Structures are given as structure tokens and as C-alpha cells.
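Here are my notes on this model, written for someone new to reading structures. Keep the 3D view open and follow the points in order.

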Amino acid sequence: MAAEHKFLPVPKTAAFARGQIVGCPFSGGQPKLGVDQGPIHLVNAGLIDQLKSLGWKVNFDGHHQFEEVNAQQDPPIGVLKNPRLVSKVCKAVADVVGSHVGRGELPVTIGGDHSLAMGTISGTLSHHPDACVIWIDAHADLNTVETTTSGNIHGMPVSFLLGLNKTPIPEYAWVEPRLTPDRIAYIGLRDVDAGEKRLLKENGIKAFSMHEVDKYGIGAVVEKALDAVNPKRDRPIHLSFDVDALDPSVAPSTGTPVRGGLTFREGHYICEAVHETGLLVAFDIMEVNPSLADADAAKATVAVGCSLVRSALGETLL
């Protein structure tokens with residue numbers, strides 16, 4: 001825990017900042033079974049003790065149990081699948097993450113599918129309305145009600161956070177569009193829908209695809225992303241990391257793998273660099289799905305997930 005955290009109080013009675021593990025075993029934003037088991041595997045792999053060894057005072061009060069809404073109660077809204085369930089869960093997550101941020105704790109949300117970021121980022125923004133977001137992903141997750149073809153809401157959370165949906169969905173009225181396009185930057189994109197490309201350009205959102213990572217190197221890309229969303233280095237940072245940003249050779253056990261992704265070191269460098277700013281106030285690790293590969297590949301993906309969290313919270317190579 002080397003960096004001085006500008007937005008996290010360190011109690012005078014202890015040399016530890018406080019972290020909170022928020023376990024979210026949820027898969028409703030996408031169709032593949034098993035991603036709800038990611039959080040349990042990360043905790044069972046020793047994540048909590050690993051963070052304590054870095055000097056964090058870590059609290060984990062168990063995985064959140066979300067009220068079920070069965071299919072008969074949750075028919076599609078247009079093409080949106082499980083719309084009420086996703087909304088209800090994300091609202092609950094927003095309240096939980098917001099309460100931890102409000103107490104000066106750093107919530108580490110382990111998912112679960114990436115629709116949960118609608119909740120985690122809403123929670124952060126409820127106490128840090130000027131916070132910026134670094135979104136690490138192979139996908140932009142920017143589809144709107146109008147552009148989505150699949151109806152899977154894990155591909156849509158950013159559009160709700162930015163208020164880009166032209167069709168009002170009353171079930172999502174709780175999502176206040178506090179995030180602005182100049183305060184989110186993507187790193188690692190390589191599978192972006194046509195509608196999302198248009199929205200990125202129309203809204204001037206900074207996005208660094210794997211082309212830019214190849215061209216400039218990960219160090220320069222991270223600096224460019226931070227310069228875009230946090231030019232004075234005075235805004236809190238919410239880092240949301242989908243493990244499918246990594247190449248499938250590094251993290252094979254995830255729902256929508258795409259070849260040509262970030263290397264092991266590139267992914268870790270992003271986390272290390274954000275930690276070094278001292279501005280991190282919340283971290284998400286999403287889309288670890290242990291059921292989608294053999295036992296060794298699943299174990300490797302879980303291990304990478306734990307390692308990314310450690311890097312974001314201060315583990316260094318030396």
C-alpha cells in the first residue's frame with residue numbers, strides 16, 4: 001500500500017486504510033451460466049488475506065444475496081433481457097458501494113457480470129460526483145436501448161451511466177447520469193459494435209483500442225487516458241476491469257473472450273499505474289467465469305483476477 005491515498009482517510013490509531021470486499025455473485029446481465037461463481041472462487045483463492053498482507057484493513061461480510069425475480073415476473077422490455085432483475089440488483093449494489101465510499105472505505109467489487117458497474121459507479125458518484133472512470137475491457141459496454149441487438153444488459157451499463165438512452169425505461173430511473181463523456185476513458189477495446197463506435201465519436205469519449213496499445217505502449221496509453229479524464233490529477237478514480245480485456249491466453253475463463261488482448265503485464269501495469277496516482281476510490285473486477293474452461297484454465301483466470309486486485313491496491317514487483 002505504497003501510494004498515499006488522497007481520498008481515503010488513514011486512521012491515526014492504525015497505519016491501515018480500510019478496504020471492503022463487495023461480493024456480487026450475479027449473472028443476470030448476460031446469458032452464460034457460471035459468472036455468478038467468480039466472486040466465490042476469488043475469495044476462496046485467498047484474496048482477503050492477500051490484501052491484508054499488503055497492509056489493508058479488509059472487511060468482508062459475505063457475498064450479497066439478491067432477491068430473485070423469476071422469468072414470469074421479469075419479461076423483456078423491448079429486447080432487454082432480465083431488465084427488472086438487473087435494475088434491482090444494480091440499485092442494491094449502488095447503495096452498498098455508496099455506503100462504503102461514504103465511510104472512507106475503498107470498495108473492491110468482485111463480480112459477476114459487468115452490468116454491475118452500473119451500480120458500483122453510481123455508488124461512487126453518489127459521494128464523489130466529480131469522479132472519473134477508467135474502463136478496462138475488450139468491449140465498450142456502451143450499447144443503448146436503441147442500438148443493442150442482443151438485449152444483454154452487461155453490454156449497456158455505460159449508456160445508462162451517461163444518460164444516452166433516448167427511450168426512457170422507468171425501471172432505470174434511479175440511475176442518475178452523473179457521469180459525463182469527458183470523465184470516462186477506455187483501454188483495451190477490440191470488439192466494438194457499430195452503434196457503439198458512433199456513440200464514442202458523437203460524444204467525444206476517449207477510447208484506446210489495442211491498436212493504440214500496440215502503437216504507443218501501455219505506459220503512454222495509461223498516461224493519455226489519465227490526461228483525458230483527470231488532467232490535473234485531482235479527481236477520484238473508479239477503475240472498472242473486465243478480465244476479458246486480457247488476452248484469452250492469460251484469462252481464458254470468461255464469457256466473451258476476444259483474441260489479441262492485453263498481456264499479463266499490460267493488465268497489471270494499468271492497475272499499478274492507477275494505484276500510484278493515489279486517487280483510486282473504488283475498483284471492480286468482473287466477468288471471471290470459472291465454468292467456461294477446464295479446471296486449470298479456470299484456476300489461472302481466478303489467480304489473475306486476484307493478482308489484478310493486489311496490483312490496484314499496492315502490490316509492486318520490488
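1. How many bridges join E1 to strand E3 (residues 106-111)? There are 6, and the two strands run parallel. One facing pair to find is glycine 19 with leucine 106 in E3. Bear in mind throughout that this is a predicted model.

2. E1 also pairs with strand E2 (residues 57-59). Here 3 bridges join the strands, which again run parallel. Look for glutamine 20, which stands opposite asparagine 59 in E2.

3. Is strand E1 (residues 18-24) mostly buried or exposed? Of its 7 residues, 6 are buried, so the rest of the structure largely encloses the strand. Buried here means under 20% relative accessible area.

4. Next, the charged pairs. Side chains of opposite charge can pair when their charged atoms come close. The whole structure holds 10 salt bridges.

5. Start with helix H3 (residues 83-102), home to both aspartate 95 and lysine 91. They sit 4 residues apart, about one turn of the helix. Their side chains meet in a salt bridge, with 3.0 Å from N to O. Aspartate 95 is partly exposed, at 43% relative accessible area. Lysine 91 is partly exposed too, at 32%.

6. Now find glutamate 223 and arginine 233. They form a salt bridge, and their closest N and O atoms are 3.1 Å apart. Glutamate 223 belongs to helix H8 (residues 218-229), while arginine 233 is in the loop between H8 and strand E7 (237-242), so the pair ties together parts 10 residues apart in sequence. Both partners are partly exposed: glutamate 223 has a relative accessible area of 37%, and arginine 233 has 24%.

7. Which other side chain does arginine 233 meet in a salt bridge? The partner is aspartate 227, at 2.8 Å from N to O. Aspartate 227 is partly exposed, with a relative accessible area of 43%. Elsewhere, Arg18, Arg103 and Glu105 are joined into one network by salt bridges that share partners.

8. Last, the empty space. Rolling a probe the size of a water molecule over the atoms shows where such space is left. The largest pocket holds about 330 Å³. Its lining has 22 residues, and His139, Asp141, His154, Gly155 and Thr256 lie nearest the centre. What kinds of residue make up the lining of the largest pocket? The split is 12 polar, 9 charged and 1 nonpolar.

Conventions:
Residues are numbered from 1 along each chain as its sequence is written. This is a predicted model: local features need pLDDT of at least 70, side-chain atom pairs count only at pLDDT 80 or more; totals for chains, interfaces and linings use all residues. Side-chain values use heavy atoms; hydrogens and water are left out. On a 1 Å grid over the protein atoms alone, a cavity is a set of points where a 1.4 Å probe fits but cannot get out, and a pocket is an open set with protein on both sides within 12 Å along at least five of seven lines; lining residues have an atom within 4 Å of a point. Grid points are joined across faces, edges and corners, and a volume is the space filled by probe spheres set on the points. Ala, Val, Leu, Ile, Met, Phe, Trp, Tyr, Cys and Pro count as nonpolar, Asp, Glu, Lys and Arg as charged, and the others, Gly among them, as polar. Buried means under 20% relative accessible area, exposed over 50%, partly exposed in between (1.4 Å probe, protein chains only). Two strands pair if DSSP finds at least two bridges between them. A salt bridge is a side-chain nitrogen of Lys or Arg within 4 Å of a carboxyl oxygen of Asp or Glu.
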